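Open the structure in your viewer and keep the selection tool at hand. The stops below follow one another, each with something to select and something to look for.

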Amino acid sequence: MKEIAAQIGCTGFSRMKKAELSDLVLENLTDPETVKIFLTTINEEEFKRFKKLCRRPESKDIYLPSFDRIGYGKSHQQELPLYTVLTEEIQAFSLEDLDKAFYRNRRQMQKLYRYLSAFVQYYGIIDLVTAVTLLQKYEGMTITTDDLYVDASTLCMAQTPFWLDQNRIISDALEDEEMEEMWESQQGKPYAFLPREQLLRYADMMYAPHLPEAEPVCRFLQEYFRISAKEARKETDFLCQVMMTETEPGEVFDILHTDGYTFKEIENVQAFLALFTELFQQLPLWMNRGFSQAELPGVMAE
């Protein structure tokens, strides 16, 4: 709620409780233009429900979860139809113009969402200047850091895998302390740049790079635990995703144990760790801004 309050220009909220924050956000979201911008961040199905609400203002059974999340949900607690809360905003809209704006802006915002999601999945943290450089490189976008900050803030009003401060876009997998440690470890290291198609695969939060070194790990899990190739691949992909955040290779055993896979013999532990260490050396790591441990020394030497 504090992030949302900051993104829409609220002040003086640092010590507020959740209920007070909700009231403040609600008060600052009564501008029709703000609502119109916010609508570009919701999914199409919810947008259609919003239009239905505009046509049937008396409806009490139309649920808009995105509006609930930013504070409009208090209307439900008061058993008021959402239209009662949004009357001024809705009356200011021409549905025809809103439709055009939604689909025109949405295409641009969806494209930006994919790139920002890919950036934080691949780098963990990326500064706005580099993000703008990459957007110009990949899409030829004419965009400034100020433009990107505004658009990214708008996206963050919806559910996203990233958040931002004044200068950086940050994975929501990182807590404040982890984020600062990660940022410190990244300083002085260059960014690894992938081809566009390869980078955008990382927009899928479940994506893991399929490296040749992953195959021996996958086969070992399949044979030792007598699981299907599909199950072994899923577990290997999950390990790769987690380890990209720069977890120590030895910690894979804690992850495996949590998932119900425990080695019984020390020789099997050693054999698996050797295979996974080979894989870990080739994984792109957040601390290395997308470079693997094996690549980084050569890159830094250049």
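Over residues 112-135, what percentage of the chain is helix, what percentage is strand, and how many Å apart are the end C-alpha atoms? Select that stretch in this predicted model. Helix makes up 83% of residues 112-135 and strand 12%, and the C-alpha atoms at the two ends are 8 Å apart. The UniProt annotation "transmembrane region", from an unreviewed entry, covers residues 112-135.

**The sheet**

Select residues 125-127, 162-164 and 168-171 next; these are β1, β2 and β3. The three strands form an open sheet, and their order across it is β1-β3-β2, with antiparallel pairing. β1 and β2 are at the edges with a single partner strand each, so each has one side without a neighbour in the sheet. From one strand to the next the twist averages 20 degrees.

Now keep β1 and β3 on display. Three bridges join this pair in the antiparallel sense. To look at one position, select Ile-125, which stands opposite Ile-170 in β3.

**Helices on the sheet**

Add residues 176-186, which are helix α11. This helix lies across β1, β2 and β3 and runs at about 65 degrees to β1.

Then add helix α10, residues 145-156, which also packs on the sheet. α10 touches β2 and β3, and its direction makes about 130 degrees with that of β2.

**From α10 to α9**

Leave α10 selected and add α9, residues 128-139. How are these two helices oriented to each other? Their axes come within 9 Å and cross at roughly 95 degrees; angles of 65 to 115 degrees count as roughly perpendicular, and α9 and α10 are therefore described that way. On the α9 side, pick out Leu-128, Val-129, Ala-131, Val-132 and Leu-135; on the α10 side, Thr-145, Leu-148 and Tyr-149 make the contact. By class, this contact of α9 with α10 has seven nonpolar residues, one polar and no charged.

**α13 and its two partners**

Clear the selection and choose residues 214-225, helix α13, together with residues 229-243, helix α14. Their axes are 8 Å apart, and the packing angle is about 125 degrees. α13 and α14 are therefore oblique to each other. The crossing of α13 past α14 is right-handed. Show side chains for Ala-214, Glu-215, Val-217, Cys-218, Leu-221 and Gln-222 of α13, and for Ala-229, Ala-232, Arg-233, Glu-235 and Thr-236 of α14, which make the contact. Six nonpolar, two polar and three charged residues take part in the contact of α13 with α14.

Keep α13, hide α14 and bring in α16, residues 266-282. The axes of α13 and α16 come within 8 Å and cross at roughly 155 degrees. Angles over 145 degrees count as roughly antiparallel, and α13 and α16 are therefore roughly antiparallel to each other. Here α13 passes α16 in a left-handed crossing.

Which residues meet in α13 and α16? From α13 they are Ala-214, Pro-216, Val-217, Phe-220, Leu-221 and Tyr-224; from α16 they are Asn-268, Ala-271, Phe-272, Leu-275, Phe-276 and Leu-279. The contact of α13 with α16 divides into eleven nonpolar residues, one polar and no charged.

Methods:
Residues numbered from 1 in each chain as written. Predicted model: local features only at pLDDT ≥ 70, side-chain atom pairs only at ≥ 80, totals over all residues. Heavy atoms only, no water. Pairing = 2+ DSSP bridges. Helix = DSSP H or I, 4+ residues; strand = E, 2+ residues; numbered from the N terminus. Axes fitted to C-alpha atoms, helices over the stretch in contact; angles between N-to-C directions. Contact = heavy atoms within 4.5 Å. Parallel < 35°, antiparallel > 145°, perpendicular 65-115°, else oblique. Left-handed = near helix turned anticlockwise from the far one by under 90°. Nonpolar A, V, L, I, M, F, W, Y, C, P; charged D, E, K, R; others polar. UniProt positions renumbered as here; feature names shortened; annotations may be inferred.
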